[in-house]
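User: I want to learn how to read a fold from its coordinates. Please take me through one case, feature by feature.

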Amino acid sequence: MAGKKVLAVFYSQTGQLEEVLKYSISPLIKDKLVSVTFLNLEPKTPFPFPWKVLDFLNVFPESVYCDKIELNEFNAEKSAEFDLVIIAYQVWFLSPSLPISSFLQSDEAKIWLKNKPVITIIACRNMWLMAQEKMKKLILKNSGVLCDNVAFVDGGNSYETFITTPRWLLTGSKEKFWFFSPPGVDKRKIAESTKFGEAIKNALRADKEKEKKSLLKGLGAVHVDEKLMMSEKMGHRGFLIWGRLLRKIKNSKIRKAVLCFYLVFLICMIIVGLPVIIILRALLYPLLKKSLKKQKAYYEEPSGSQIIAQG
Ligand SMILES: Cc1cc2nc3c(=O)[nH]c(=O)nc-3n(C[C@H](O)[C@H](O)[C@H](O)COP(=O)(O)O)c2cc1C
């Protein structure tokens, strides 16, 4: 096999996504025939961590509309040619984080992704479907070919992470509290993720990436929770409406006031709307079962949720 070049792009605040990425592709990093270039995206104006509530909410309109922000110069040659591009991203308000969507609107991304196989790796709370739809479009705009998607979600159940993930992001503390599971992706899942790197390494050794088809089928790369599909779509519609309004407000004081109002509205919607969605979902499930299964299969493409025993 001729030496292979891999570009691994990421933006992580707590370092969790970086850990997920580096574990997942550790077999590539160790392989002498593969050279991995890491591109750690740096916004010109860094985002704070931990977040203040209003700063956190303030990035939602631009995130939802994938507005371009300025990034520091990239540490990879503009003219470099890669055999495979891996993009690891976190989800911000059901959208790719701003540094990642901005990278995908850069001149370099046009060059590096053109006709190349692309693998996305996500680490987020648990809602990534709408973000991945946007990623598909952005990758396609750069003439890249999405071959695989691997999604890691926070360990606790949806209700737990609704409290523990924001607490982590707003305080910086990942400590377990009360009876909740700690926030973030399960360490065991991260440790197991080397199986993805092994499969990619073997594929590169066999020139399989040139076929631009999934390299990770049968490894359980993603799992779509049918129960979250409806809430995610409804939430995204709301984000688009409020985001459009907020993007138009140039005065920062007025924008902050509207954001505060939106926060109260959002909390009320969740308290009132969530039980309604749960009841509606249960009542409509028999009617929607077939359509939900179809949608689940669609969102799980191209890698799929199936786990086939290796060996
Ligand atoms: C501004 C912001 C918005 C977020 N929105 C979502 C979301 O819509 N869905 C989700 O599953 N996770 C969401 N998260 C959680 C992130 O995807 C991610 O798990 C967390 O920020 C930790 O990432 P890091 O370890 O790479 O810094 C959000 C995080 C931030 C900072």
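User: Start with the sheet. In which order do the strands of the open sheet lie?

Analyst: Keep in mind that this is a predicted model. To read a sheet, list its strands by neighbour, then check direction. Here 5 strands form an open sheet in the order E2-E1-E3-E6-E7, and the pairing is parallel. The edges are strand E2 (34–40) and strand E7 (145–153), each of which pairs on one side only. On average, neighbouring strands of this sheet are turned by 15 degrees against each other, direction ignored.

User: How many bridges join E6 to E7?

Analyst: Go from the sheet to a strand pair, then to a residue pair. E6 and E7 run parallel and are joined by 8 bridges. For Thr-120, the bridge partner in E7 is Asn-149.

User: Which strands does H1 lie across?

Analyst: For a helix on a sheet, ask what it crosses and at what angle. H1 lies across strand E1 (4–10), strand E3 (84–89), E6 and E7. Its direction is at about 135 degrees to E6.

User: Now the ligand. Which residues come nearest?

Analyst: Read a ligand shell in three passes: residues, elements, chemistry. There are 20 residues around the ligand, and Gln-13, Gln-16, Leu-17, Cys-124 and Arg-125 come nearest. Two or more shell residues come from each of helix H1 (16–24), strand E4 (91–92), strand E6 (117–124) and helix H8 (158–171). By chemistry, the shell divides into 12 nonpolar, 7 polar and 1 charged.

User: What about the backbone? Where are the cis peptide bonds that involve Pro-50 and Pro-302?

Analyst: Start from the general rule. Most peptide bonds are trans, and most residues other than glycine have a negative phi. In this model, a cis bond joins Phe-49 and Pro-50, with omega about -5 degrees. Pro-50 sits in the loop between E2 and helix H3 (53–58). Another cis bond joins Glu-301 and Pro-302, with omega about 0 degrees. Pro-302 belongs to the segment after helix H12 (252–300).

User: And phi? Is Leu-94 buried or exposed?

Analyst: Look at the angle, the location and the surroundings together. Leu-94 is not a glycine, yet its phi is positive, about 60 degrees. Leu-94 lies in the loop between E4 and strand E5 (95–96). Leu-94 is buried because 24 other C-beta atoms lie within 10 Å, and the cut-off for buried is 20 or more.

User: Is Asn-115 buried or exposed?

Analyst: Asn-115 also has a positive phi, near 55 degrees. Its place is in the loop between helix H6 (107–113) and E6. With 9 other C-beta atoms within 10 Å, Asn-115 is exposed.

User: Why does Glu-77 count as exposed?

Analyst: Use the neighbour count again. Glu-77 has 11 C-beta neighbours inside 10 Å, so it counts as exposed; the limit is 12 or fewer. Glu-77 lies in the loop between helix H4 (60–64) and E3. Glu-77 and Trp-112 are 35 residues apart in sequence, and 9.7 Å apart from C-alpha to C-alpha.

User: Last, the whole chain. How many helices and strands does the protein have?

Analyst: The protein has 12 helices and 7 strands. For overall shape, compare the radius of gyration with a reference. A compact globule of 311 residues would have a value near 19 Å; the protein has 20 Å, which agrees. The C-alpha trace spans about 60 × 45 × 35 Å along its principal axes. Of the 311 residues, 36% count as buried. Among contacts between residues at least 6 apart in sequence, 83% join residues at least 24 apart.

Conventions: Residues are numbered from 1 along each chain as its sequence is written. This is a predicted model: local features need pLDDT of at least 70, side-chain atom pairs count only at pLDDT 80 or more; totals for chains, interfaces and linings use all residues. Helices (H or I, at least four residues) and strands (E, at least two) are DSSP runs, numbered from the N terminus. The radius of gyration is taken over C-alpha atoms; the globule rule is 2.2 Å times the number of residues to the power 0.38. Two residues are in contact if their C-beta atoms, placed from the backbone, lie within 7 Å. A residue is near a molecule or strand if its C-beta atom, placed from the backbone, lies within 6 Å of it. Ala, Val, Leu, Ile, Met, Phe, Trp, Tyr, Cys and Pro count as nonpolar, Asp, Glu, Lys and Arg as charged, and the others, Gly among them, as polar. Two strands pair if DSSP finds at least two bridges between them. Axes are lines fitted to C-alpha atoms, for helices over the stretch in contact, and angles run from 0 to 180 degrees between N-to-C directions.
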